Amino acid sequence: RCKNLSLSFWNSYWMLPSDVCGMNCFWEAAFRYNYMKTRSSEKMHLAVVACGERLEETVTMMRSAIIFSIKPLQFHIFAEDQLHERFKDILDDFPYEGKVNYTLYPITFPTESAAEWKKLFKPCASQRLFLPLILKNVDSLLYVDTDILFLRPVDDIWSFLGKFNSTQIAAMAPEHEEPRIGWYNRFARHPYYGVTGINSGVMLMNMTRIRRKYFKNDMTSVRLQWGEILMPLLKKYKLNITWGDQDLLNIMFFHNPESLYVFPCQWNYRPDHCIYGSNCKEAEEEGIFILHGNRGVYHDDKQPTFRAVYEAIKNYSFGDELVHSLLQPLELELRKTMHTYCGKVYEVFIKQLTKSIRDLHARRSRG
């Protein structure tokens with residue numbers, strides 16, 4: 001039973017003296033943590049890492065995933081210990097039992113370098129790098145940042161796994177569509193993927209392939225597996241990286257570009273796509289599929305369009321009629337933001353949401 005899973009393994013792990021349990025011991029122990037009893041094809045696996053004040057964002061992200069998704073969802077929540085009880089209190093009241101399950105995990109890094117990994121970029125953000133090695137029995141996984149909102153079923157981005165060719169192991173969106181405002185192509189002091197780099201806030205992974213792959217790199221002529229390459233990369237580039245684990249992923253896929261599937265910008269739509277004028281053509285045509293409110297825009301007044309969507313989903317009560325309780329109030333709020341660049345294209349924020357609600361009503365009418 002996923003939501004009642006005992007954490008005794010992790011507690012016993014932390015009690016091991018550091019000179020006894022090194023990196024090999026860590027991974028061997030993690031591999032014995034066989035929590036998953038169902039076949040990976042039966043449900044969609046979604047992982048998130050929550051530290052500090054990220055509980056509300058994480059719960060709101062989960063709500064957005066639950067509202068529209070079709071296949072069952074298995075959430076893997078990596079959180080600081082003090083957040084676990086609060087997560088349980090909230091999530092155990094969620095509806096749709098049987099369709100939605102969750103598992104809580106502590107934040108865990110290899111013992112000998114835990115402090116260095118934890119302080120890299122934002123607190124705990126680099127935990128995502130170790131997911132293929134911790135979740136050994138999960139074949140495929142969608143990792144998302146806490147500030148993600150799904151405006152269409154998770155099933156649709158999950159379907160990209162079936163579009164991978166034989167060499168592709170992960171999928172992400174570009175960091176920028178417009179090179180003139182791109183960060184990597186203007187400021188990066190390390191290799192990065194493609195023209196403008198990639199953003200790791202939404203990362204779809206075939207973790208079986210990741211665990212099996214031997215990666216080309218610029219540290220040795222010998223190809224290294226995922227668990228072998230992370231620390232050497234950090235040691236080589238830690239003085240040259242700004243965005244932490246995302247930079248390490250850019251370096252890895254720079255040397256292994258054949259391994260990455262790139263999906264369009266409307267699957268990871270950020271303020272950069274409208275703050276200086278609209279520059280995500282796919283979103284203009286079809287709407288935003290996944291909204292990414294990075295830089296804290298859900299909680300300040302810098303991007304009221306993003307905040308309006310966040311507040312609408314956060315305040316929606318499961319079971320309420322979606323058009324009158326979510327869509328119509330949201331459109332009224334979005335119209336108030338038309339004085340901003342993102343507000344001028346507010347239609348892209350509700351175009352796909354409108355379709356998702358219509359499709360959900362159609363599925364329910366068919367029983």
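Let's start with A308 and what it touches. Leaving out residues up to four places away in sequence, A308 touches L330, E333 and L334. Keep in mind that this is a predicted model. A308 itself lies in helix α13, residues 304–315. Take L334 from that contact list. A308 and L334 are 26 residues apart along the chain, and their C-alpha atoms are separated by 6.5 Å. Is A308 buried or exposed? Its relative accessibility is 12%, and the cut-off for buried is under 20%, so A308 counts as buried.

L334 takes us to the next helix pair. L334 belongs to the set of α14 residues that meet α16. Helix α14 covers residues 322–335, and helix α16 covers residues 347–365. Their axes come within 11 Å and cross at roughly 170 degrees. How do the two helices run, parallel or antiparallel? That crossing makes α14 roughly antiparallel to α16.

Now the residues in that contact. On the α14 side we have L322, V323, L326, L327, L330, E331 and L334. On the α16 side they meet F349, I350, L353, T354, I357, L360 and H361. Sorted by class, the contact has 11 nonpolar, 2 polar and 1 charged residues. L330 also turns up among the contacts of A308.

Next, helix α4, residues 84–91. Which of its residues are buried? They are H84, F87 and L91. Look down the axis of α4: these buried residues fall within an arc of 60 degrees, so they line one face of the helix. And what covers them? The cover includes β1 (44–50), α3, β2 and β3 (100–105).

Two of those elements, α3 and β2, bring us to S69. S69 sits in the loop between α3 (55–68) and β2 (73–79). It is a loop residue, yet S69 is buried, with a relative accessible area of 2%. Where does its side chain go? The S69 side chain reaches the backbone oxygen of A65 at 2.7 Å. The S69 side chain also reaches the backbone nitrogen of V154, at 3.1 Å. Setting aside residues up to four places away in sequence, S69 touches M44, K99, P153, V154 and D155. So V154 appears twice for S69, in the contact list and as a backbone partner.

On to V144, in strand β4, residues 140–144. V144 is buried, and its relative accessible area is 0%. Its contacts, without neighbours within four places in sequence, are L46, A47, V48, M61, F150, G201 and V202. Then there is L204, 60 residues from V144 along the chain. The C-alpha atoms of V144 and L204 are separated by 8.6 Å.

One more loop residue: E175. E175 lies between β6 (170–174) and α8 (184–187). At 9% relative accessibility, E175 counts as buried. What does E175 touch? Outside residues up to four places away in sequence, the list is Y184, T196, G197, I198, N199, Q246 and R270.

Finally, the whole chain. There are 16 helices and 9 strands. Of the 367 residues, 57% are buried. How far apart in sequence are the contacting residues? Take contacts between residues at least 6 apart: 73% of them join residues at least 24 apart.

Conventions
Residues numbered from 1 in each chain as written. Predicted model: local features only at pLDDT ≥ 70, side-chain atom pairs only at ≥ 80, totals over all residues. Heavy atoms only, no water. Helix = DSSP H or I, 4+ residues; strand = E, 2+ residues; numbered from the N terminus. Buried < 20%, exposed > 50% of the residue type's maximum accessible area, 1.4 Å probe, protein only. Polar contact = N/O pair within 3.5 Å; in protein donor to acceptor, adjacent residues only side chain to side chain. Contact = heavy atoms within 4.5 Å. Axes fitted to C-alpha atoms, helices over the stretch in contact; angles between N-to-C directions. Parallel < 35°, antiparallel > 145°, perpendicular 65-115°, else oblique. Nonpolar A, V, L, I, M, F, W, Y, C, P; charged D, E, K, R; others polar. Arc of directions from axis to C-beta.
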